[in-house]
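Me: Could you take a close look at one part of this predicted model, the larger-scale make-up of one chain together with its pocket and its charged pairs? I would like one connected account rather than a list.

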Amino acid sequence: MGFSFDIAHLLAGLMVLTSLLLLYQDRIGALLNVLRLHGLVLALALAWQAHLQSASDLFLAATIALVVKALVIPGALERLVERLAIHRLIETVGGIGPTMLGGIALVALSLRVMLPITAAADAVSRQDIALALSVVLIGLLIMVTRRNAVGQVAGFLSLDNGIDLAAGGARGMPLVVELSVAVSVLIAFIVIGIFLFRIRERFDTVDLAALEEFRGERR
Amino acid sequence: MILSALLAGILILVVLGLAGAIDAVRAPGGAPRGAAGQGAWLYAAAASITGVSALLSLASLAAPPETLVLPLGLPWIGWHFRLDALSAFFLFVVDLGAASASVFAIGYGRARHGGHADEPGRVLPFYPVFLAGLGLVVLADDAFSFLFAWELMSLASWALVLVRHRDPESVRAGTVYLLMAVLSGFLLLLCFGLLAGPAGSYGFAAMRAAHPAAATVALALVLALLGTGAKAGLVPLHAWLPLAHPAAPSHVSALMSGVMTKVAVYAFLRIAFDLIGPPSAWSGLVVLAVGGLTAVLGVLYALMQHDLKRLLAYHTVENIGIIFIGIGLAMVFRAGGEGAAAALALTAALFHVFNHAVFKSLLFFGSGAVEAATGERDMECQGGLIHRMRTTSFCFLIGCAAISALPPLNGFVSEWLTFQAILLGPALPDWGPKLLIPADGALLALAAALAAACFVKAFGITFLGRPRSAAAAVAAETDRLALAPMLLLSGLCLFAGVFPGAVIDALAPVSRALVGATMPVQGLLPWHSPPGVPLGAIVPVAAARSSYDGLAILLLIGAVTTLAALGARRLASHALRRAPAWDCGFPDQSPATQYTAQSFAEPIRRTFGPLVFGVASTIRVPPPGSTAPARIEHVLHDRLWEIFYAPPAALVRRLADALNPLQFLTIRRYLAFVFAALVLLLLVLALTP
């Protein structure tokens, strides 16, 4: 149990680490690469969970994660960025330093919250859930601190990866739920993609500030 | 069995509301087809249903309680209904008012300036639903169905207040009314929540059986007083009445003023006497104080009005005060163990409930007839109507005399009974009631006297003198069907005043159910009265102490007037002379030289002005040589509004202004708020062990 637990823990920790890396990026190319890495680690973590729980449907989930989240979506986003000739620099709110510190604080917070609550659960899912919560929170933090629509999409996708991680850790998670989550993410991605196109067509930029001006919010 | 029949009637009323809605949609307003008689079928149906229902409830007044559970509403609760003496009495009052208002509405719709003839589609769907709500409140036997019916009643009447929705005054009235109705429903919800206890037993039967802690009882009672007071019109929660009652069509005003406020009284009686159990003395004192204040302030505000329906609405506030004085006395006496005195006070309050429903409906019908005839509610535009609207003015006079508590009419009996209960106050050992009860007596006396002054003004300015406007000069008597309920209610005023013993005996089961005691049996009719009592008299406590004989007074008044009339005919000159009237060195006889409503109220305004109204008077004298008239201007402040309503409104506005920028944030900022809220909640979770 010790070794396999360590591996699961390591993979979940890697997820958090990649999330923090994601938080650090201020160029679109690097951001999408790290997002790809995030999806890859998620697929590995799910696969290890499948091995631990010897649940074949989790293997399917891991495959879906690998294909959709590590390959298709980041690739599509990259093509989108190229086709739209989006400015490569992402404007962030607040300096990178404070944001990183905030991210670390969020990890601490989620561990502090989750570990006492899940005392009854078994060790593997305990760690997984605590780390998954920090991935979700960091995803939200990414969405809040990016002015660029692509940055917000990346934040949203990493948040969803965190949810997937938590779901994979919980035993007996039905495949249907996993599939529906994956489908919903895909749909959300398509909607956001179309949305990006439309914004680009109209305003020649994907900077959300242009949208704000259009809505009459800039006063 | 009777209960099922009553509920079936209410169901038919709801169906009628739907039919009215269909009718309104099919024949869109604006083009009144076939004169304004549209909807007569609906009113006729409503009148017959409520009429039968009134008779049924009268018959079941003395019957044992009857309960019924319908598998409707919340799935695990159901709808509980109960018909006991208290609900039977109030249902009778509700249905009596509803039946007469429905008949009046048929005639009112045919009249020239009828209040709903222009847009019947805004009245017809809601009117029967309003009636259904009124009936359901009284029959409900669990908190859920009670509150549902309560809100049904509020919402339907709100829609009726907004009939003239293009008039900004109506819109304001509707907004204030809706706010107060929401407040009242909310407070009652909290009250029932407290009474239901931690187990959440929302049936009234469970609440009756429970014995909550003293603090819970006190809080629930205060909530009940505020929640029902906001509906009944207790000062300072009365602000919506004078706005909303005039805005609705007259038959609805009559229902709102005469009946809906009584349903609120019912709710208070049900909670304070039935659900909570034996009241404590201090709560009775609070009710007494509020009642006395309401009575005097209501009538003072009424005196300052010159809109007939507004004046009547303020008088409703006054009469609610009188009713609550009776209820408060009953609570104090019951807490002090004086069963007979409590029964007397409660019977007086219930008698006044009946009386006020009768004469206030009558007066609103009269004001509706006047409005329909002249197109104006302002008294300053009326005058001389006694010649052109003979029956209406006669009925209105009866109503005025009754509400002014003049014998031999019914208003006198109930106020006299209240005074008899007040005179029993010294029997109580505590000092609090000993001091407060006589003070309330003084307030009640003041209110009664001022009410008489006010109705001299209302009747005199509206019906006497010469026409103050062209419309008043050519006014015609209203429709016969509108006169019929007025005559009926006038007859009831006289009947209940002359044979009060019958009413008191009919109220005995209610009094027995609520305070466990009754007044002495008075005998159904004068010649049935018990031995040792003067013929036809009512005796509140003991024959040696006080008694009142309505029939004797009626006969005396009749004899004296007949004699005086005969004497005048006999002794006076029979020659007909025509001479200029009111020509005391004043040859110009413009109607504008008559007494006005304002001038009538002037002495009272001077007396109470600085204290109650904060009057600011300015006299403007034109400079020498100028031909401009000198002017005197009074600005009346509604102190109660300024104290109780303006500050919360200002606070809400300030908060709304402060929060307004939140409506214009960027997507990212909204996300940040969500994020911050999430992190904050997690922090709370982390920091609490």
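Reply: Of the 689 residues that make up chain B, 53% count as buried, in a model that is predicted. The secondary structure of chain B consists of 24 helices and 4 strands, and among its contacts with a separation of 6 or more, 78% are between residues 24 or more positions apart. Chain B has an accessible surface of about 28,600 Å², and carbon and sulfur atoms account for 71% of that area.

Turning to the pocket, the largest one holds about 560 Å³ of space. It is lined by 25 residues, of which Tyr301(B), Met304(B), Gln305(B), Arg310(B) and Leu636(B) are the closest to its centre. The elements of chain B that contribute two or more residues to this lining are helix 9 (241–247), helix 11 (281–303), helix 12 (308–335) and helix 22 (597–613), and the largest share, 7 residues, comes from helix 22 of chain B.

The charged pairs come next. Side chains of opposite charge can pair when their charged atoms come close. Over all chains the count comes to 15 salt bridges, and one of the pairs in chain B is formed by Arg82(B) and Asp84(B), whose closest N and O atoms are 2.8 Å apart. Both Arg82(B) and Asp84(B) are buried, that is, each has under 20% relative accessible area.

A second pair in chain B joins Arg620(B) to Glu633(B), with 3.1 Å between the closest N and O atoms. Because Arg620(B) lies in strand 3 (residues 616–620) of chain B and Glu633(B) in strand 4 (residues 631–635) of chain B, this salt bridge ties together parts that are 13 residues apart in sequence. Arg620(B), at 48% relative accessibility, counts as partly exposed, and Glu633(B), with a relative accessible area of 30%, is partly exposed as well. Elsewhere, salt bridges that share partners join Arg82(B) and Asp84(B) with Asp141(B), Arg208(B), Arg270(B) and Asp274(B) into one network, so that the buried pair described above belongs to a set of residues linked through shared partners, as the salt bridges here are defined by a side-chain nitrogen of Lys or Arg within 4 Å of a carboxyl oxygen of Asp or Glu.

Key: Residues are numbered from 1 along each chain as its sequence is written. Chains are lettered from A and ligands numbered from 1 in the order in which they are written. This is a predicted model: local features need pLDDT of at least 70, side-chain atom pairs count only at pLDDT 80 or more; totals for chains, interfaces and linings use all residues. Side-chain values use heavy atoms; hydrogens and water are left out. Buried means under 20% relative accessible area, exposed over 50%, partly exposed in between (1.4 Å probe, protein chains only). Contact means heavy atoms within 4.5 Å. Accessible areas come from the Shrake-Rupley method with a 1.4 Å probe; for residues, only the protein chains shown count as cover. On a 1 Å grid over the protein atoms alone, a cavity is a set of points where a 1.4 Å probe fits but cannot get out, and a pocket is an open set with protein on both sides within 12 Å along at least five of seven lines; lining residues have an atom within 4 Å of a point. Grid points are joined across faces, edges and corners, and a volume is the space filled by probe spheres set on the points.
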